[in-house]
Amino acid sequence: MSFQTWGRTMHRIERLQLRGSTGIVAVTLWLWLCLLWPGAAAATEEHWVRVSDATLKAHGWRPADHARYAATRLDANGDGVMDEAFLVESRDRRRSAVKICLGTSLSAAPARCYIAAAEEGDASAMGVDTRAPGCHAYTGNEHDTVTDSNICTGNASVEYFRMASAGSLLVYDRRTDSFQRFWYSD
């Protein structure tokens, strides 16, 4: 936001001359909607970068094809268009996650991307793969206390794992337009 735009915004706020808590709430809400919301979305997207080949090569568990398990293609949302999921890391390399882009076909609309399973840790130690549609056992999820149950999916899901350790499924949820995480091992 330029200095001129900020000055005009502050001038509008001063002109409102709102009094009491209602005025403060209204101004706070207006500022959040107009100023912070678009910037926050852009900052989140720019915070993550694809894991480099050099980083992938450095980790010992990967096969000779070091890029294996660094990305996968699947139809996560069931629209018939292939989607892509790949490992990303924060710019400071302290956090890892999966970036899932829906609709990555040349003829499709621009991809919608999501950051899922963000956590502290080395991205090069992680892997992604495709899990076929069906019912899959899980030991826990991030939204409720249900444990040792099954999740049944009509579409492929992203398998996010640490070799010989913990693993989880990232399943697209149409209702919330987000990916839900289900752990299948500790």
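Start at the largest pocket: its lining divides into seven nonpolar, six polar and three charged residues. You are looking at a predicted model.

**Stop 1: the pocket**

Stay with the largest pocket, which has a volume of about 240 Å³. Which residues should you select to find its centre? Pick Ile 151, Val 171, Tyr 172, Asp 173 and Gln 180, the closest to the centre among the 16 lining residues. Now colour by element. Strand S9 (149–153), strand S11 (167–173) and strand S12 (178–183) each give two or more residues to this lining.

**Stop 2: the whole chain**

Zoom out. Show the cartoon, and you have three helices and 12 strands in the chain. The chain has 186 residues, and buried residues make up 35% of them. Switch on the surface. The chain exposes about 11200 Å², with carbon and sulfur atoms supplying 55% of that area. Then turn to contacts. Take those between residues at least 6 apart in sequence: 51% of them join residues at least 24 apart.

**Stop 3: confidence**

Colour by pLDDT. The mean for the chain is 76. Residues that reach 70 or more make up 67% of the chain. Where is confidence lowest, and where is it highest? Select helix H1 (residues 3–16) for the lowest, at a mean of 39. Select strand S2 (residues 71–74) for the highest, at 96. Next, select residues 1–44. Here the pLDDT is below 50. Beyond near neighbours in sequence, this stretch has 16 contacts in the model.

**Stop 4: Tyr 69**

Go to the loop between helix H3 (53–58) and S2, where Tyr 69 is found. Check its backbone. Phi of Tyr 69 is near 70°, a positive value in a residue other than glycine. Most residues other than glycine have a negative phi. Is Tyr 69 buried or exposed? Tyr 69 counts as buried because its relative accessibility is 18%, and the cut-off for buried is under 20%.

**Stop 5: Arg 93**

Move on to the loop between strand S3 (83–90) and strand S4 (95–102), and select Arg 93 there. Its phi is also positive, near 65°, and Arg 93 is again a residue other than glycine. How much of Arg 93 is accessible? Its relative accessible area is 47%, so Arg 93 is partly exposed. The exposed class begins over 50%.

**Last view**

Show both loop residues together. Tyr 69 is buried, whereas Arg 93 is partly exposed. Each has a positive phi, near 70° for Tyr 69 and near 65° for Arg 93.

How values were computed: Residues are numbered from 1 along each chain as its sequence is written. This is a predicted model: local features need pLDDT of at least 70, side-chain atom pairs count only at pLDDT 80 or more; totals for chains, interfaces and linings use all residues. Side-chain values use heavy atoms; hydrogens and water are left out. Helices (H or I, at least four residues) and strands (E, at least two) are DSSP runs, numbered from the N terminus. Buried means under 20% relative accessible area, exposed over 50%, partly exposed in between (1.4 Å probe, protein chains only). Contact means heavy atoms within 4.5 Å. Accessible areas come from the Shrake-Rupley method with a 1.4 Å probe; for residues, only the protein chains shown count as cover. pLDDT is the predictor's confidence in each residue, from 0 to 100. On a 1 Å grid over the protein atoms alone, a cavity is a set of points where a 1.4 Å probe fits but cannot get out, and a pocket is an open set with protein on both sides within 12 Å along at least five of seven lines; lining residues have an atom within 4 Å of a point. Grid points are joined across faces, edges and corners, and a volume is the space filled by probe spheres set on the points. Ala, Val, Leu, Ile, Met, Phe, Trp, Tyr, Cys and Pro count as nonpolar, Asp, Glu, Lys and Arg as charged, and the others, Gly among them, as polar.
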